[in-house]
Structure formats: C-alpha cells, structure tokens
Amino acid sequence: MRFFETRRVIDAPPQKIWEILTDAARLQKGFGILRIEGRISLGARLKLWSEVAPDRAFRLRVREFVPARRMIWQGGMPLGLFTGTRVFTLEPLTPDRTEFILREDYSGPLAALIFPKLPDLNPAFRQFADALQKAAEA
C-alpha cells in the first residue's frame with residue numbers, strides 16, 4: 001500500500017482539535033486548503049480544492065466520523081480503480097495533550113501506476129499539522 005503520513009503532538013485536548021478539524025471555514029485559512037464545499041459530517045459529500053492542485057476539485061465523502069477521535073474522507077475513481085483514503089486520528093496522551101495523525105492511503109488496481117505520478121504530499125501534510133497545532137494551542 002502507498003501512503004503519506006505526518007504526526008504531531010499538540011498541547012490541547014482532542015475535543016478542541018476536533019472542533020477545528022470539522023470547521024470547513026476555518027480549514028480554508030492556512031491549512032493548505034483553498035476551498036471546501038459541504039458540511040463536514042458523517043456521510044457528507046465534500047468538494048475540496050487544495051494548494052497542491054488548485055485547478056482540480058477533489059470529490060470526497062466523509063466515511064467515518066467519531067467525534068474527538070477519528071474521521072475518514074475518501075475519494076477516487078469509479079469502480080474502486082484508484083481510491084484515496086484520508087484518515088484523521090486523535091490519540092489522547094493526557095487530558096490536555098493529543099497526538100494528531102494524518103495519513104492518506106492509496107489503493108485499487110491503478111494505484112501502482114498513479115501513485116508515482118502524485119506530487120510529494122508530505123510538505124502539505126506538515127503544513128496542515130503545523131496549522132492545526134498553532135490553532136489548537138492558541
């Protein structure tokens with residue numbers, strides 16, 4: 001399986017971080033996301049434009065939504081030919097300290113062909129984690 005991942009320990013409780021992660025308007029300010037259409041909630045359909053590919057809209061669906069714990073966004077090609085699954089995980093370390101994990105896995109019959117053509121998303125993932133840490137610790 002091919003993936004990108006970043007981790008960050010944030011000095012904030014999971015609930016505070018969750019409020020930021022599920023606020024589409026807030027994610028459009030410094031997180032590497034240019035625009036999000038849709039409400040971030042279980043089963044919701046989202047349309048997202050990122051700084052990495054500003055001319056392309058990614059159509060996503062919120063597949064899992066466990067408040068203050070875990071959220072999954074998924075999108076890709078029809079028939080599962082290529083699927084990107086972005087997982088946001090919050091692991092409480094103490095009541096006021098949380099490990100944030102952002103991971104995107106790629107699967108499907110075309111993943112081996114498409115993954116090498118993708119840009120390196122690690123800098124974008126770090127930008128997202130940095131912005132989240134800054135907002136949550138403010």
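**View 1. Packing of helix α1 against helix α4 in the predicted model**. Helix α1, which spans residues 14-21, packs against helix α4, which spans residues 122-137, at an angle of about 120°, and the axes of these helices are 10 Å apart. In this predicted model, α1 and α4 are therefore oblique to each other, and their crossing is right-handed. On the α1 side the contact is made by Lys16, Ile17, Ile20 and Leu21, while α4 contributes Phe128, Leu132, Ala135 and Ala136. By residue character, the contact of α1 with α4 comprises seven nonpolar residues and one charged residue, with no polar ones.

**View 2. Surroundings of Arg35 in strand β2**. Arg35 belongs to strand β2, which covers residues 33-37, and it counts as partly exposed because its relative accessibility is 38%, a value that falls between the 20% limit for buried residues and the 50% limit for exposed ones. When residues up to four places away in sequence are not counted, Arg35 touches Gln28, Lys47, Leu48 and Trp49. Within strand β2, the side chain of Arg35 also makes a polar contact with the side chain of Glu37, at 2.7 Å. Pro54, which is 19 residues from Arg35 in sequence, is 9.3 Å from Arg35 in space, C-alpha to C-alpha.

**View 3. Ser41 in the loop between β2 and β3**. Ser41 is found in the loop that joins strand β2 to strand β3, the latter formed by residues 45-50. With a relative accessible area of 17%, Ser41 is buried, because this value is under 20%. Once its neighbours within four places in sequence are left aside, Ser41 is in contact with Val62 and Phe65, and both of these residues fall within the 57-66 range of strand β4.

**View 4. Ala68, a loop residue with a positive phi**. Ala68 lies in the loop between β4 (57-66) and β5 (70-76), and it has a positive phi of about 60° although it is not a glycine. The relative accessibility of Ala68 is 17%, so this residue counts as buried.

**View 5. Leu79, a loop residue with a positive phi**. Leu79 is placed in the loop between β5 and β6, where β6 comprises residues 83-94. The phi of Leu79 is positive, at about 65°, although this residue is not a glycine. Leu79 is exposed, because its relative accessible area of 84% is over 50%.

Key: Residues numbered from 1 in each chain as written. Predicted model: local features only at pLDDT ≥ 70, side-chain atom pairs only at ≥ 80, totals over all residues. Heavy atoms only, no water. Axes fitted to C-alpha atoms, helices over the stretch in contact; angles between N-to-C directions. Helix = DSSP H or I, 4+ residues; strand = E, 2+ residues; numbered from the N terminus. Parallel < 35°, antiparallel > 145°, perpendicular 65-115°, else oblique. Left-handed = near helix turned anticlockwise from the far one by under 90°. Contact = heavy atoms within 4.5 Å. Nonpolar A, V, L, I, M, F, W, Y, C, P; charged D, E, K, R; others polar. Buried < 20%, exposed > 50% of the residue type's maximum accessible area, 1.4 Å probe, protein only. Polar contact = N/O pair within 3.5 Å; in protein donor to acceptor, adjacent residues only side chain to side chain.
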